[in-house]
There are 2 protein chains.
Amino acid sequence: MEISKLGEFGLIDRLTKDIQLKNNSSLYGVGDDCAVMHYPDTEVLTTSDMLMEGVHFDLTYVSLMQLGYKAAMENISDIFAMNGTPRQMIVSIAIDKRFNVEGMEQFYTGLKKACDKWNIDIVGGDTTSSLTGLAISITCIGDAKKDDIVYRNGAKETDLICVSGDLGAAYMGLQLLEREKTVYYQQLDDINRKISEAKKAGNDALVKHLREQGAKTADFQPDFAGREYLLERQLQPEARGDILQLLRENNIKPTAMMDISDGLSSELLHICKQSQCGCRVYEKNIPIDYQTAVQAEEFNMNVTTCAMNGGEDYELLFTVPIGDHDKLNGLESKGIRQIGYITKPELGTKLISRDNQEFDITAQGWNPLKG
Amino acid sequence: MEISKLGEFGLIDRLTKDIQLKNNSSLYGVGDDCAVMHYPDTEVLTTSDMLMEGVHFDLTYVSLMQLGYKAAMENISDIFAMNGTPRQMIVSIAIDKRFNVEGMEQFYTGLKKACDKWNIDIVGGDTTSSLTGLAISITCIGDAKKDDIVYRNGAKETDLICVSGDLGAAYMGLQLLEREKTVYYQQLDDINRKISEAKKAGNDALVKHLREQGAKTADFQPDFAGREYLLERQLQPEARGDILQLLRENNIKPTAMMDISDGLSSELLHICKQSQCGCRVYEKNIPIDYQTAVQAEEFNMNVTTCAMNGGEDYELLFTVPIGDHDKLNGLESKGIRQIGYITKPELGTKLISRDNQEFDITAQGWNPLKG
């Protein structure tokens with residue numbers, strides 16, 4: 001159905017009609033000038049992300065449902081990165097004429113799936129039009145008790161540096177999708193060129209054969225067997241609220257924390273800058289999945305570079321007092337890895353390679369405005 | 001300076017380095033995964049708007065400073081429309097390669113001017129890149145005591161319908177700017193066509209003369225004398241927090257309220273639908289500025305249609321109990337006009353013309369997704 005049939009308010013009604021507010025803090029959702037919330041006993045956390053078509057996502061290999069899910073998870077991840085609980089979401093989208101009502105419903109299905117997973121209420125937003133491409137802006141609101149909030153600036157000398165899960169897989173998933181896309185379009189271009197030549201030569205039989213071949217190519221689904229994990233990490237990332245739960249159960253409170261969206265290098269530098277400290281991180285300790293390592297080798301890329309600078313992992317990077325070392329030891333099997341420790345600032349921010357060389361950590365991660 | 005010289009974090013540092021948090025509710029601003037706020041005694045209000053280049057604004061006649069100011073005011077206006085006090089703002093922008101550091105500083109100067117006017121803290125956001133055009137998403141956070149919040153759904157039969165200020169001027173300002181833009185480009189196109197012809201004819205003297213004429217045309221500033229108010233209303237709208245203050249001083253609490261962004265007709269229908277009531281609004285009572293009326297006549301447009309459907313006025317539309325009639329009478333000179341009253345729903349939503357005819361009110365206002 002064309003969106004113009006419904007108009008702005010009709011579309012909003014359709015997308016939000018089945019939303020039931022679940023949080024006590026959500027007093028009033030979609031339908032007025034503002035949403036209304038209630039936070040008498042906790043601090044309010046807010047975060048906002050903007051995603052632009054062609055820069056942050058490519059609809060040739062991301063479905064609208066996956067996009068909705070991922071856009072929501074990216075913001076949820078920022079609330080977890082403060083040790084908070086996500087509660088509400090405000091969703092603004094600008095769409096051009098390519099999109100129809102069904103497409104927007106799919107986007108909302110993805111959004112709602114992510115929100116339902118963490119019991120979040122969609123309480124408002126803006127739905128408008130764009131001349132060129134899809135633009136998405138999400139604001140997530142959460143809460144935390146004042147003493148529970150973890151900032152980036154609390155890391156202290158001797159603190160242990162930890163990460164959850166594994167790194168670099170989302171980046172390798174992106175490389176894989178980009179390669180398949182390139183191959184796909186090259187094949188279609190080739191066939192179209194051959195069709196033109198056959199037409200010129202008046203070879204109707206060849207034209208027919210090539211067209212059939214083209215249709216098959218267009219329908220072709222690449223075989224990603226054995227690499228499902230890489231695609232899932234890229235297309236359907238998960239925010240690590242489960243890790244916060246694990247830390248609480250083990251009485252561990254991080255001294256500094258953030259989520260890994262731009263890449264481990266970039267995030268380590270943020271924590272060290274804001275905490276006015278240095279760090280030593282050991283290459284051998286950086287958690288990397290088997291599929292990531294295999295794919296990096298196939299692409300002839302350095303897997304540590306991918307893990308340090310890839311980004312979009314949405315894992316948690318955090319520091320804990322060295323006194324919690326024993327508590328942490330039991331958690332390695334549950335997905336928390338110690339990768340190094342915090343130092344005095346004058347010792348710099350260092351990566352120690354497998355052959356015991358020291359390298360300065362530099363941010364080569366995702367930076368949309370870097371030339 | 002090119003933005004790529006600073007990168008994302010360098011640009012954010014530069015734009016936000018002089019921000020001092022002024023509200024007690026603002027605990028932590030720009031620089032971590034989330035902003036942190038504190039609202040123990042009041043309800044939290046949030047609103048979000050997305051503005052896309054070519055749809056919501058045209059940089060050929062809006063400066064980046066004006067755009068920042070207006071984008072902020074539009075969101076501030078939504079907090080006022082709930083009878084709330086704006087406190088924090090989260091600003092996300094996506095920019096393409098046309099924009100430089102100085103341009104973004106101008107945009108922020110406009111934003112900050114609007115925020116300073118209402119004592120609002122910029123506490124976060126996202127700064128990223130776009131392939132095509134500028135995209136802006138602003139979330140404004142405010143607060144209100146629970147009993148002070150005014151929704152759209154509280155209007156009751158016999159309530160008086162009021163609006164602040166005057167209507168239609170922002171729309172007439174837009175028409176004026178659009179006309180000047182059309183004339184300007186027509187003149188440049190004409191001259192360029194004549195230059196091509198003169199070149200073909202080998203008439204170098206004429207080419208030179210036309211080029212001089214073209215340069216003068218390009219520099220030409222249209223004369224908007226006597227229409228400054230219309231331009232100001234379009235380019236630098238003001239959110240009406242002063243009207244809330246006036247109502248409080250006079251012990252008037254609206255039963256329903258919203259701001260007029262899409263047009264009076266559209267907003268009246270929202271209030272009537274959500275309050276399950278009808279209305280009668282009198283054409284003769286709709287406040288229209290002298291310049292608006294003169295400009296509508298020049299453009300051969302019906303001024304009431306402009307006032308009902310123009311939009312972007314950012315005035316307040318609200319209903320008050322009929323018992324407050326006497327209190328309201330004294331406020332007409334201060335910019336509050338009674339334009340009609342609320343009826344039973346079965347009486348419909350009616351505009352009564354100057355010659356006492358009844359018309360159904362229909363929403364013809366701004367609707368970006370209506371075909």
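How many residue pairs are in polar contact between chain A and chain B, both at pLDDT 80 or more? The count is 21. Keep in mind on this tour that you are looking at a predicted model.

**Stop 1: the interface.** Color chain A and chain B separately and select the residues where they touch. You should pick up 72 residues from chain A and 72 residues from chain B. Together the two chains bury about 5,600 Å², with 55% of that on carbon and sulfur atoms. Six salt bridges cross this interface. For one of them, zoom in on D32(B) and R152(A), whose closest N and O atoms are 3.5 Å apart.

Now show just the side of chain A that touches chain B. By class, it holds 34 nonpolar, 24 polar and 14 charged residues. Strand β3 (residues 43–52) of chain A is the top contributor here, giving nine residues.

**Stop 2: strands that pair across the chains.** Select residues 35–38 of chain A, which form strand β2, along with strand β3 (residues 43–52) of chain B: the two pair in the antiparallel sense over four bridges. Click on M37(A) and you will find V44(B) standing opposite, in β3(B).

**Stop 3: a sheet in chain B.** Next, display the open, mixed sheet of seven strands, ordered β8-β10-β7-β11-β9-β12-β13. Its edge strands are β8 (256–259) and β13 (358–360). Neighbouring strands are turned by 25° against each other on average, direction ignored. Inside the sheet, β9 (residues 278–282) and β11 (residues 336–343) pair in the antiparallel sense, and C279(B) has I342(B) as its bridge partner.

**Last stop: a helix across the sheet.** Add residues 264–275 of chain B. This is helix α8, lying across β7, β8, β9, β10, β11 and β12 of chain B and running at about 150° to β8(B).

Definitions and conventions:
Residues numbered from 1 in each chain as written. Chains lettered and ligands numbered in written order. Predicted model: local features only at pLDDT ≥ 70, side-chain atom pairs only at ≥ 80, totals over all residues. Heavy atoms only, no water. Contact = heavy atoms within 4.5 Å. Buried area = accessible area lost by both parts, 1.4 Å probe. Salt bridge = Lys/Arg side-chain N within 4 Å of Asp/Glu carboxyl O. Polar contact = N/O pair within 3.5 Å; in protein donor to acceptor, adjacent residues only side chain to side chain. Nonpolar A, V, L, I, M, F, W, Y, C, P; charged D, E, K, R; others polar. Pairing = 2+ DSSP bridges. Axes fitted to C-alpha atoms, helices over the stretch in contact; angles between N-to-C directions.
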